[in-house]
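Let's take a walk through this structure together, from a sheet to its rings and then on to its charged side chains. Have the sequence and the model open as you read.

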Amino acid sequence: MHKGSCLCGAVTFETTGPLRPSVACHCTQCRKVSGHYWSATSVPKEALSITRADGLKWYRSSAKAQRGFCGQCGATLFWKPEDEPRMSISSGAFDGPTGITTAKHIYCADKGDYYDIEDGVPCS
């Protein structure tokens, strides 16, 4: 089990089972919502338990997904696609070590001009 939360603790969660390796998304939406690129792992939706939702807000960012964030501290936490069985979770929202690594970068052509991707992890 892995546990995590937003910055202020108004949203907490637990996951069961293995975490998918992290994917770093450089799309415009992820950059705007996070202030940089967004790195996320994922689990099957039934493997995520939101244990405190006092601050949890959902924003429909596109026709195919919603983004979950804390309405109190502003932390970006979740990306919930409508037609997929998995929920993406901010890799940085977990408490303590996760044991995951970054597997790939996506939407690299959309990345900001103020940084380079030079970590040797592939762009796809």
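One cut-off is worth having in hand before we start: a residue counts as buried when its relative accessible area is under 20%, as exposed when that area is over 50%, and as partly exposed in between. Keep in mind, too, that what you're looking at is a predicted model.

Let's put the cut-off to work right away with Phe 94. Its relative accessibility is 8%, which is under 20%, so Phe 94 counts as buried. We'll come back to this ring shortly, once the strands are in place.

Start with the sheet. Three strands make up an open sheet in the order S1-S2-S5, and the pairing is antiparallel. Strand S1 (2-5) and strand S5 (48-53) take the edges; each has a single partner strand, so one side of each goes without a neighbour in the sheet. On average, neighbouring strands here are turned by 20° against each other, if you ignore direction. Zoom in on strand S2, residues 11-15, and you'll find five bridges joining S2 to S5 in the antiparallel sense. As one handy landmark, Glu 14 stands opposite Ser 49 in S5.

Now for the rings. How many aromatic pairs are there? The count comes to five. A pair like this is described by how far apart the ring centres are and by the angle between the planes. Take Phe 13 and Phe 78: their centres are 5.6 Å apart and their planes are at 70°, an edge-to-face pair. In sequence these two are 65 residues apart, with Phe 13 in strand S2 and Phe 78 in strand S8 (residues 76-81), so the pair links distant parts of the chain. Are these two rings buried or exposed? Phe 13 has a relative accessibility of 1% and therefore counts as buried, and Phe 78, at 0%, counts as buried as well.

Phe 13 has another edge-to-face partner in Phe 94, at 5.3 Å centre to centre and with 85° between the planes. Phe 94 sits in the loop between strand S9 (86-90) and strand S10 (102-106), while Phe 13 lies in strand S2, so this contact ties together parts that are 81 residues apart in sequence. Add Trp 58 and you have one aromatic cluster, formed by Phe 13, Trp 58, Phe 78 and Phe 94.

Trp 58 also has a charge for company: the charged end of Lys 80 sits over its ring, 4.3 Å from the centre. There's a similar arrangement to look up at Tyr 115, where Lys 111 lies over the face of the ring at 4.8 Å from the ring centre.

From here, turn to the salt bridges. Side chains of opposite charge can pair when their charged atoms come close. The model has three salt bridges by this count. One takes us back to the sheet, where Lys 3 and Glu 14 meet with 3.9 Å from N to O. Lys 3 lies in strand S1 and Glu 14 in strand S2, so the pair ties together parts that are eleven residues apart in sequence. Lys 3 counts as partly exposed at 47% relative accessibility, and so does Glu 14 at 23%.

Another salt bridge runs between Arg 52 and Asp 54, with the closest N and O atoms 2.7 Å apart. Arg 52 is partly exposed at 39%, whereas Asp 54 is exposed, with a relative accessible area of 51%.

Then there's Glu 82 with Arg 60, whose side chains meet at 2.9 Å, N to O. Glu 82 belongs to the loop between S8 and S9 and Arg 60 to strand S6 (residues 56-62), so this salt bridge ties together parts 22 residues apart in sequence. Both count as partly exposed: Glu 82 at 35% relative accessibility, and Arg 60 at 42%.

One last stop is Ser 42, which you'll find in strand S4 (residues 38-44). With a relative accessibility of 1%, Ser 42 counts as buried. Which residue does its side chain touch through a polar contact? The partner is Arg 86, and the contact between the two side chains is 2.8 Å.

Technical notes. Residues are numbered from 1 along each chain as its sequence is written. This is a predicted model: local features need pLDDT of at least 70, side-chain atom pairs count only at pLDDT 80 or more; totals for chains, interfaces and linings use all residues. Side-chain values use heavy atoms; hydrogens and water are left out. Two strands pair if DSSP finds at least two bridges between them. Helices (H or I, at least four residues) and strands (E, at least two) are DSSP runs, numbered from the N terminus. Axes are lines fitted to C-alpha atoms, for helices over the stretch in contact, and angles run from 0 to 180 degrees between N-to-C directions. Rings of Phe, Tyr and Trp (its six-membered ring) pair if their centres lie within 6.5 Å; planes under 30 degrees apart count as stacked, over 60 as edge-to-face and the rest as tilted. Buried means under 20% relative accessible area, exposed over 50%, partly exposed in between (1.4 Å probe, protein chains only). A charge sits over a ring if NZ of Lys or CZ of Arg is within 6 Å of the ring centre and within 35 degrees of the ring normal. A salt bridge is a side-chain nitrogen of Lys or Arg within 4 Å of a carboxyl oxygen of Asp or Glu. A polar contact is a pair of N or O atoms within 3.5 Å; within protein, one must be able to donate a hydrogen and the other to accept it, and residues adjacent in sequence count only if both atoms are side-chain atoms.
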